[in-house]
Structures are given as structure tokens and as C-alpha cells.
Amino acid sequence: KVLKKYGFSCFRGIQPNFESQPKIYQLLWLFSLTSPPTFKPDVTEGLINIPASFYLLSARGPRKFIPSWVIINKAKRGIDQAIERDEVFHLWTHLEDFGENYEFKMKVFKNIVNYAIKKREEGKFEIKSMQEIAKKYA
């Protein structure tokens, strides 16, 4: 109610069966060949819930040892699944995650964005802000 009162139309929902899992599960999932979840947003208490699909990991601590190709390929699988199912692939991160290993993080981010742009240019994928997604599903 508070978010709606202050003009919010949407929020990032949690990634089901992931964020509450132990770190070892999250690491194994990252290296698996499965796709990140994709969704059709829904209405929750008058706001559009746009669930998280994939957290663009920070490169701090032990995460800095995860090869870039693992992260990039996981995100590409999410984009491809969103195209196949006509759903939303919601990539998210925190600004502070770019603070350490900036070059590595930007390399990963640029690679994912370039893939999304390629799919958009092929007419298969749309790149939208959360607000734009919320308008579509309102």
C-alpha cells in the first residue's frame, strides 16, 4: 500500500526457489545447464510483480573466481527461454556490484547486453524498463 501511495507501479519479486537456498546450491545451479526462470508478471496487491530471473553476480569474494562464460551463458539461456515462452527475463544487480573487478563485471554485462541487442535486432526480443513492463501487464 505504501509503494502504491507513492506512485510505484511495480517491484522486483524474488527469484523462486533460489534466494533462500544455501550458497552451495546457488553455485551448483549457476554451473548447471538449466535456464534461469522467466515469467509473465502478475498483480500483487495492486502492483505488478516482476520476479527476478537472474542476479548479475558481484565479483567480490569467492564469486570473483566464477568464469565470465558461466555467467554469460546462463543469462543467454534465460534470454532464449524468454523468447521461446514469450515471457520476461529479468536481469538485475546492485550498483555496488560494479565496485570491485569493474573491468570483469563490465565485460560480462556488455556481453549479455550485446546478446539481448542482437536478439532485439532480429525482432525476437524487447528490452524494457520495469515501468514499461508494468504498463504492458497492468
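Partly exposed residues lie between the buried class, under 20% relative accessible area, and the exposed class, over 50%. The legends below use these classes for a predicted model.

**View 1. Salt bridge between K40 and D86**. K40 has 44% relative accessibility, so K40 counts as partly exposed. Its partner D86 is exposed, because its relative accessible area is 52%. The two side chains meet in a salt bridge, at 3.7 Å from N to O. This pair links distant parts of the chain, 46 residues apart. K40 sits in the loop between α2 (23-31) and β2 (42-44). D86 sits in the loop between α3 (68-85) and β5 (91-92). Side chains of opposite charge can pair when their charged atoms come close.

**View 2. Salt bridge between K119 and E122, and its network**. The closest N and O atoms of K119 and E122 are 3.6 Å apart. K119 has a relative accessible area of 12%, so this residue is buried. E122 is partly exposed, at 35%. The pair is part of a network of salt bridges. K118, K119, E122 and K124 are its linked residues.

**View 3. Salt bridge between K136 and E126**. Here the closest N and O atoms are 4.0 Å apart. K136 lies in helix α5 (residues 130-137). E126 lies in the loop between α4 (102-121) and α5. The two residues are ten apart in sequence, so the salt bridge ties together these parts of the chain. Are K136 and E126 buried or exposed? Both are exposed. A search of the whole structure gives a total of five salt bridges.

**View 4. Surroundings of S68 in helix α3**. S68 is a residue of helix α3. Its relative accessible area is 12%, so S68 is buried. Which residues does S68 contact, once neighbours within four places in sequence are left aside? They are F104, K107 and V108. For S68 and F104, the C-alpha to C-alpha distance is 7.6 Å. In sequence, S68 and F104 are 36 residues apart.

Terms used
Residues numbered from 1 in each chain as written. Predicted model: local features only at pLDDT ≥ 70, side-chain atom pairs only at ≥ 80, totals over all residues. Heavy atoms only, no water. Helix = DSSP H or I, 4+ residues; strand = E, 2+ residues; numbered from the N terminus. Buried < 20%, exposed > 50% of the residue type's maximum accessible area, 1.4 Å probe, protein only. Contact = heavy atoms within 4.5 Å.
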